[in-house]
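Here is a chain to read slowly, with its sequence and its structure side by side. The questions that follow go from single residues to the chain as a whole, and each answer is reasoned out before it is given.

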Amino acid sequence: MDLGNVRKIDIDKETRQSHLDYAMSGRLSFSTPAIISASLFLFLFILAACAPAPTPYAPPTPMLSHPAKVFDVDIPSPASAARMSDARPNLIFLFTDDQPYHTVDYMPTVKNELMANGVVFDNAFATTPLCCPSRASILSGEYVHNHQVYTNTLPLGGATRFRDKEALSLWIHEAGYRTAYFGKYLNGYEDLQPYGYVPPGWDVWKSFLSKNLTTVEDKGNMQYYFDFSMSENGTAVMYEKSKDNFSADVVTRNALEFIRDSRDEPFMMMVSYYNPHSPYISASRHKDSFRAGEDYWDWVQYRPPNFNEKDVSDKPAYIAELSPLSPAEIDTAHKQILRSLLSVDDGVASILSALEKAGIKENTVIIFSTDNGMTLGDHRFGVTKNCPYEACIKVPFVAYAPKYYPHRVETKIVANIDIASTFAELAGAKIPDTVDGASLVPLLKNPDAKWREDILLEHWRTNEGVGAMIPQYYAVRNAEWKYVEYETGETELYDLVNDPYELENLSGKFKYKDIESALSKRLQELKKE
């Protein structure tokens, strides 16, 4: 069945019903042609009503036999008795760069350990679906309109705009924690002075340095995978290209060494992988994964009902200006992304192993997520971000601490702005009044805890790429509805219960005017928070 026609049938239901009602009301002369016409209308209406809804995309479950590569670290002895008697948990935030929501299903350790034994947040969002703004929100707990890192690059964004003296690292450090940051920091980090600058509050700092190459934002840099440099506590260190110097593995080894060296004191560690950001590079050991004849993997094409959406007449004008990638191009990028993520999964397995060896796994809270989601052909977008649709804003989000919080799937709305306050509460640190997010601790403890009902989404035009095509927007998203207002005056309204793939824009329809009015009012309130 042509999925593009399903939407047209749904849109025309009310029209056909009105014609049918009119015919049956006696206001038409029931000559033989009229009866045939009415019968045809009735047949089409029944056919449309009985038509099956678009089949939701359901990715396969990875085979359990896929062996993760576990990097070893020599830990001569478990954590000290004094540390074990200290109730303060260790805190680890593991995150990726530009990870499509569904791809966690292809990460065996994340899927079969973190998600199987942790709290899986099924409605988690990046309030601004772009790298630098989202990362600034993670570090500050603030909406983008408050921390004002609007995009990835100057004049509206980049690392130089971030107020790092108000960040999470200082709160946790002042609470008596040893802190470390490994991997990608904020876009434009190399512009901070002095070169290799270490932001306040970090005891151990090893972050990627760019070589000031000019690249199109959507395409990323090969240099963050191979042949890269890092600021190691303020000193630039070069990693020549070699199989052992794949960046994800370097980040993982740094994390393992920190666990070894910090096992006798409470610590917070942020592990920020560049994977699977474009150009979607993978470790050499994964080059054959998801290819024909490979034994471990069951790969299926990503084909949600909104894939390269055919009828976008109800969408904002910029959607029609997009140049969709071909299905084959999407499939290639999809498999490259999955291969790239396998080294992250190896890192997760290695970190869990090191925690176990150090005797502190049970006393550690891990959150796994990403900075923003990514489209894979959704709504005619290629492989990109920034949009207000679910593929861009929805992110994987798992809190793993089986000793404290038993496994469940939580459907309440959480976001990147909640991470800072969550870690602050767990560490016993003071949460500043500037924070917009909420600590997840009450919700982790009690599924019935009072919680937010909606979240604000924001976007500012970028300097280049697809993000420059998308007009500035604000949106509100709750459990049932999403409402978007663009700077152009265009609006979108989606019934997420009956139309989870956002195929039919209901904005402006009389039937939904009260809902749209209420959501618009709520959006203005959220913009002032």
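## Reading the chain

Q: Is E356 buried or exposed?
A: In this predicted model, E356 has a relative accessible area of 51%. A residue counts as exposed when that value is over 50%, so E356 is exposed.

Q: Which residue forms a salt bridge with E356, and how far apart are the closest N and O atoms?
A: The cut-off for a salt bridge is 4 Å between a side-chain nitrogen of Lys or Arg and a carboxyl oxygen of Asp or Glu. The partner of E356 counts as partly exposed, at 24% relative accessibility. That partner is K361, and the closest N and O atoms are 3.8 Å apart.

Q: How many residues apart are E390 and R477, whose side chains meet in a salt bridge?
A: The N to O distance in this salt bridge is 2.7 Å. E390 lies in helix 12 (residues 390–393), whereas R477 lies in strand 12 (residues 473–478), and the pair therefore links distant parts of the chain, 87 residues apart.

Q: Are E390 and R477 buried or exposed?
A: The relative accessibility of E390 is 12%, and that of R477 is 5%. Buried means under 20%, so E390 counts as buried, and R477 also counts as buried.

Q: Where is E502, which meets K482 in a salt bridge?
A: The side chains of K482 and E502 come to 2.6 Å, N to O, and both residues are buried. K482 belongs to strand 13 (residues 481–486), 20 residues apart from its partner, and E502 is in the loop between strand 14 (491–495) and helix 16 (513–527).

Q: How many salt bridges does a search of the whole structure find?
A: Some salt bridges share partners, and in this way D97, R135, K184 and D371 are joined into one network. When the whole structure is searched, the number of salt bridges found is 28.

Q: Which residue in the hairpin of strand 5 and strand 6 takes a positive phi?
A: Strand 5 (residues 228–232) and strand 6 (residues 235–239) run antiparallel and are joined by five bridges, and S229 has M238 as its bridge partner. Two residues stand between the strands of this hairpin, and the residue with a positive phi, near 55 degrees, is N233.

Q: How many of the 16 residues of helix 9 are buried?
A: Helix 9 (residues 247–262) reaches 22 Å from its first C-alpha to its last, close to the 22 Å expected at 1.5 Å a residue. Its buried residues are covered by elements including strand 3 (178–183), strand 4 (204–209) and helix 11 (327–357), and among these buried residues are V250, L256 and F258. The helix is mostly covered, and the number of its residues that are buried is 12.

Q: Which residues is T160 in contact with, leaving aside its neighbours within four places in sequence?
A: T160 sits in the loop between helix 7 (144–147) and helix 8 (168–174), and its relative accessible area of 40% makes it partly exposed. Beyond the neighbours set aside, the residues in contact with T160 are L154, D191 and L192.

Q: What percentage of the residues in the chain is buried?
A: The chain has 16 helices and 14 strands, and it exposes about 21,200 Å², of which carbon and sulfur atoms supply 53%. Of the 529 residues in the chain, the buried ones make up 58%.

Notes:
Residues numbered from 1 in each chain as written. Predicted model: local features only at pLDDT ≥ 70, side-chain atom pairs only at ≥ 80, totals over all residues. Heavy atoms only, no water. Pairing = 2+ DSSP bridges. Helix = DSSP H or I, 4+ residues; strand = E, 2+ residues; numbered from the N terminus. Buried < 20%, exposed > 50% of the residue type's maximum accessible area, 1.4 Å probe, protein only. Contact = heavy atoms within 4.5 Å. Areas by Shrake-Rupley, 256 points an atom, 1.4 Å probe, with all protein chains shown as cover. Expected span 1.5 Å × (residues − 1).
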